[in-house]
Amino acid sequence: MFKVKIVAAFLIFALFGTIHLAAPEFLPEVYELLKRGDIVETANYIQGYGSLAVVFSFLLTLFVNAIGFPPAIIFSTANTLIFGIVPGIVLSVVAETVGVTISFQLLRFFFRDSAKKIISKSKRLSSIDKYSSKNGFTVMLIARMVPYVPSGILNAAGALSSMSMRDYFLASLVGKFPSTGIEAIIGHDAILHEEDMTRIIVVVIFAIILIGWAWWYQKKNHH
């Protein structure tokens, strides 16, 4: 397994190396863009890709959520400025979910075995780990619904726990709609100096419906 992990790490670095060789200016440009975190500048940069803007935005949003930096609100807001509020939110949620799922898979592959050894030595940690297996979906769903929670923390918490991949994916996909929606709408309205509380209210009502659905899903699948 150790050799497999070494090969996997090598392939990841090789991917970035290939990208750099193919377009030497690309990674430095993206790095500077991420470091500044300017939403309008990000939107303009994405729009510069023309007809491929939606593809580039999807991949960039995916990548940012996979590494957990910088805050996803930069890209979800930029997407609403470029593509409109509803399409921008949908694009962001799907890309973010794919990104955090990739992060989940990589973190679990590289670190779950080590985490299990540490967990097995503590009754308290073992109890928490067992709880995550049965109730991880609801916990992750609610955590994903809270705006501005750092994605990287939730990625690591899910990967190092024993919650299933299915529960993690569904909780992230569904939970990100209200949190991403609220973040993107607030950012969009602040930049364009607009204010429409109706949209926020709709998102909050949707979140309440999702919590009810989560309770039903948890009861149906884990009891």
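**Helix packing and salt bridges in a predicted all-helix model**

Helix H5 and helix H9 cross in a right-handed manner. I begin with that crossing, and I should say at once that the structure before us is a predicted model. The axes of H5, which covers residues 73-83, and H9 come within 8 Å, and the crossing angle is roughly 60°. On the H5 side, the contact is made by Ile73, Ser76, Thr77, Thr80 and Leu81. On the H9 side, the residues are Thr180, Glu183, Ala184, Gly187, His188, Ile191 and Leu192. By character, the residues of this contact divide into five nonpolar, six polar and one charged.

Let me now place these helices in the chain. The protein chain has ten helices and zero strands. Read from the N terminus, its elements run α-α-α-α-α-α-α-α-α-α. The chain comprises 223 residues, of which 40% count as buried. Among contacts in the chain with a separation of 6 or more, 75% are accounted for by residues 24 or more positions apart.

I turn to a second pair of helices. Two packed helices are described by the angle between their axes and the distance between the axes. At what angle do H2 and H4 pack? Helix H2, residues 26-36, and helix H4, residues 53-67, pack at about 65°, with their axes 13 Å apart. That angle makes H2 roughly perpendicular to H4. The crossing of H2 and H4 is right-handed. Phe26, Val30, Leu33 and Leu34 are the residues of H2 in this contact, and they meet Phe56, Leu60, Phe63 and Val64 of H4. The residues of this contact divide into eight nonpolar, no polar and no charged.

My next topic is the salt bridges. How many does a search of the whole structure find? The search finds five salt bridges. I shall describe several of them, starting with H2.

Within H2, the side chains of Glu32 and Lys35 meet in a salt bridge, at 3.5 Å from N to O. Glu32 and Lys35 both lie in this helix, three residues apart, which is about one turn of the helix. Glu32 is partly exposed, and its relative accessible area is 30%.

Another salt bridge joins the side chains of Arg36 and Glu41, at 2.6 Å from N to O. Arg36 counts as partly exposed because its relative accessibility of 47% falls between the limits of 20% and 50%. The relative accessible area of Glu41 is 27%, so Glu41 is partly exposed by the criterion of 20% to 50%. Which residues are linked in a network of salt bridges? They are Glu32, Lys35, Arg36 and Glu41.

The last salt bridge I shall describe brings us back to H9. Lys176 forms a salt bridge with Glu96, and their closest N and O atoms are 3.1 Å apart. Lys176 lies in helix H9, residues 165-192, and Glu96 in helix H6, residues 85-120, so the pair ties together parts that are 80 residues apart in sequence. Are these two residues buried or exposed? Both Lys176 and Glu96 are buried.

To close, I return to the two helix contacts. The contact of H2 with H4 has eight nonpolar residues, with no polar and no charged ones. The contact of H5 with H9 has five nonpolar, six polar and one charged. Thank you for your attention.

Notes: Residues are numbered from 1 along each chain as its sequence is written. This is a predicted model: local features need pLDDT of at least 70, side-chain atom pairs count only at pLDDT 80 or more; totals for chains, interfaces and linings use all residues. Side-chain values use heavy atoms; hydrogens and water are left out. Axes are lines fitted to C-alpha atoms, for helices over the stretch in contact, and angles run from 0 to 180 degrees between N-to-C directions. Helices (H or I, at least four residues) and strands (E, at least two) are DSSP runs, numbered from the N terminus. Angles under 35 degrees count as roughly parallel, over 145 as roughly antiparallel, 65 to 115 as roughly perpendicular and the rest as oblique. A crossing is left-handed if the near helix is turned anticlockwise from the far one by less than a right angle, and right-handed if clockwise. Contact means heavy atoms within 4.5 Å. Ala, Val, Leu, Ile, Met, Phe, Trp, Tyr, Cys and Pro count as nonpolar, Asp, Glu, Lys and Arg as charged, and the others, Gly among them, as polar. A salt bridge is a side-chain nitrogen of Lys or Arg within 4 Å of a carboxyl oxygen of Asp or Glu. Buried means under 20% relative accessible area, exposed over 50%, partly exposed in between (1.4 Å probe, protein chains only).
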